[in-house]
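Q: Please take a close look at one part of this protein for me: the sheet. Walk me through how its strands pair and what surrounds them.

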Amino acid sequence: MTHSIGSRQVRQVLVTGGGRRLGAAICEAFARAGWKVWCHYRASKAQALTLCESLRAQGWDVQAVEADITQEAGRQALMAQVTANAPLDCVVNNASAFEPDTGLDFDVDAAQRQLGVNLIAPLSFARLLAQQPGATEESNRSAIHILDQKVYNLNPDYFSYTVSKLALERAVALQAQALGPGMRVCGVAPGILFESGPQTGDNFLRASRANLLRRPIDPVDVARSCVFLAETRSITGTTLCVDNGQHLVPLPRDIMFVVDELLKAGNSASSSSP
Ligand SMILES: NC(=O)c1ccc[n+]([C@@H]2O[C@H](COP(=O)([O-])OP(=O)(O)OC[C@H]3O[C@@H](n4cnc5c(N)ncnc54)[C@H](OP(=O)(O)O)[C@@H]3O)[C@@H](O)[C@H]2O)c1
């Protein structure tokens with residue numbers, strides 16, 4: 001739903017984990033597209049406040065908001081806060097936990113923690129958004145779940161994380177069915193964007209080119225894709241891969257562990273070609 005404050009048409013979006021990295025790019029993209037942005041943070045208070053201050057200085061409407069989104073009470077309180085004066089039009093479920101484990105040794109508490117933030121929180125925010133009163137045929141409410149190219153390109157590293165994103169990917173269609181017609185649900189599946197876990201800068205630089213286009217994926221493109229989905233009323237129940245084709249380069253392990261072998265193989269293949 002679009003609402004007006006004075007003569008201005010305002011759409012509101014909540015971005016979870018919005019203070020840094022991809023979340024910050026998503027906040028900025030929505031702000032520049034004219035949305036009022038609620039930038040959720042947990043630990044990254046300084047980054048979230050700095051980001052919001054800088055965007056406000058450029059004339060955009062951005063507000064940082066702290067919340068514990070691991071518990072339903074925290075999610076409900078956050079939704080109540082951001083909808084106090086106007087309805088919310090979109091939630092981008094970006095916050096995520098990425099912890100190394102395997103199918104053989106995963107720790108149950110760590111697995112549950114990742115399922116909580118990566119799966120249950122997104123499902124819950126989408127449902128809370130759908131439950132807001134006032135949906136009409138003209139409404140354009142949406143939830144956008146940030147996934148990972150891994151869901152289309154399986155390898156057993158980061159096992160619990162991958163399980164949580166796989167379930168969320170399937171839930172894009174399921175929730176679209178469950179929450180329509182008042183609400184759309186879409187996914188965005190990025191490839192590698194930032195250094196993560198034990199990765200070194202050098203490893204990241206090489207891994208970021210291990211895709212069909214042989215160049216790093218621009219986080220701004222991922223962010224712009226979220227705005228596109230939020231603003232495109234005909235799309236629901238589907239996921240956009242924004243990964244330079246990384247999901248079409250199958251690997252036996254996470255890219256950070258095999259990038260050297262992959263690039264070596266690629267180089268020898270191209271040097272032996274005519
Ligand atoms: N990085 C990549 O290369 C990559 C690749 C493919 C897909 N993705 C996906 O893209 C999204 C963003 O990636 P990213 O690397 O920018 O994310 P990130 O830095 O790993 O995490 C984003 C934010 O999530 C919040 N968060 C983590 N655990 C939380 C918890 N238990 N409760 C509340 N908030 C929590 C944190 O906010 P605070 O800092 O405020 O605590 C964190 O800054 C994620 O969904 C990720 O799975 C990333």
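A: Start inside the sheet, at one bridge. V15 has V92 of β6 as its bridge partner. That bridge belongs to the pairing of β3 with β6, which is parallel and runs over 3 bridges. Keep in mind that this is a predicted model.

Now look at β6 itself, residues 90-93. Both of its faces are covered. C90 and V92 lie on one side, V91 and N93 on the other, and all four residues are buried.

Next comes the link from β6 to β7. These two strands run parallel and are joined by 4 bridges. Find V91 and look across: A143 in β7 stands opposite.

Move on to β7 and β8. Strand β7 covers residues 141-146 and strand β8 covers residues 183-190. Their pairing is parallel, over 6 bridges. To locate it, take I144, whose bridge partner in β8 is C186.

Helices lie against this sheet too. Helix α2, residues 45-57, packs on the sheet and touches β4 (36-41) and β5. The direction of α2 makes about 165° with that of β5. Helix α3, residues 72-82, also packs on the sheet. It touches β3 (12-15), β4 and β5, and its direction makes about 155° with that of β5.

Put the strands in order. The sheet is open, has 7 strands and reads β5-β4-β3-β6-β7-β8-β9, with parallel pairing. The edges are β5 (62-66) and β9 (239-242). Each edge strand has a single partner, so one side of each is left without a neighbour in the sheet. On average, neighbouring strands are turned by 20° against each other, direction ignored.

Now follow the chain into β8. The loop between α5 and β8 holds P181. The peptide bond from G180 to P181 is cis, with omega near 5°. Most peptide bonds are trans, and most residues other than glycine have a negative phi. Helix α5 itself spans residues 159-179 and includes A167. A167 counts as partly exposed because it has 17 C-beta neighbours inside 10 Å. The C-alpha atoms of A167 and V151 are 9.1 Å apart, with their positions 16 residues apart along the chain.

Beyond the edge strand β9, check N244. This residue sits in the loop between β9 and α8 (255-272). Its phi is near 50°, a positive value in a residue other than glycine. N244 has 24 C-beta neighbours inside 10 Å, so it counts as buried.

R21 has a phi near 50° as well, again positive and again not in a glycine. R21 belongs to helix α1. With 17 other C-beta atoms within 10 Å, R21 is partly exposed.

R21 also leads to the ligand. The shell around the ligand has 25 residues, and G17, R21, R42, S44 and S96 come nearest. Helix α1 (residues 21-32) gives the most to that shell, with 3 residues. By class, the shell has 13 nonpolar, 8 polar and 4 charged residues.

Finally, step back to the whole protein. Its secondary structure comes to 8 helices and 9 strands. The radius of gyration is 19 Å, close to the 19 Å that the globule rule gives for 274 residues, so the protein is as compact as a globular protein of that length. Of the 274 residues, 43% count as buried. Among contacts between residues at least 6 apart in sequence, 74% join residues at least 24 apart.

Definitions and conventions. Residues numbered from 1 in each chain as written. Predicted model: local features only at pLDDT ≥ 70, side-chain atom pairs only at ≥ 80, totals over all residues. Near = placed C-beta within 6 Å. Nonpolar A, V, L, I, M, F, W, Y, C, P; charged D, E, K, R; others polar. Rg over C-alpha atoms; globule rule 2.2 N^0.38 Å. Buried ≥ 20, exposed ≤ 12 C-beta atoms within 10 Å, placed from the backbone. Contact = placed C-beta atoms within 7 Å. Pairing = 2+ DSSP bridges. Axes fitted to C-alpha atoms, helices over the stretch in contact; angles between N-to-C directions.
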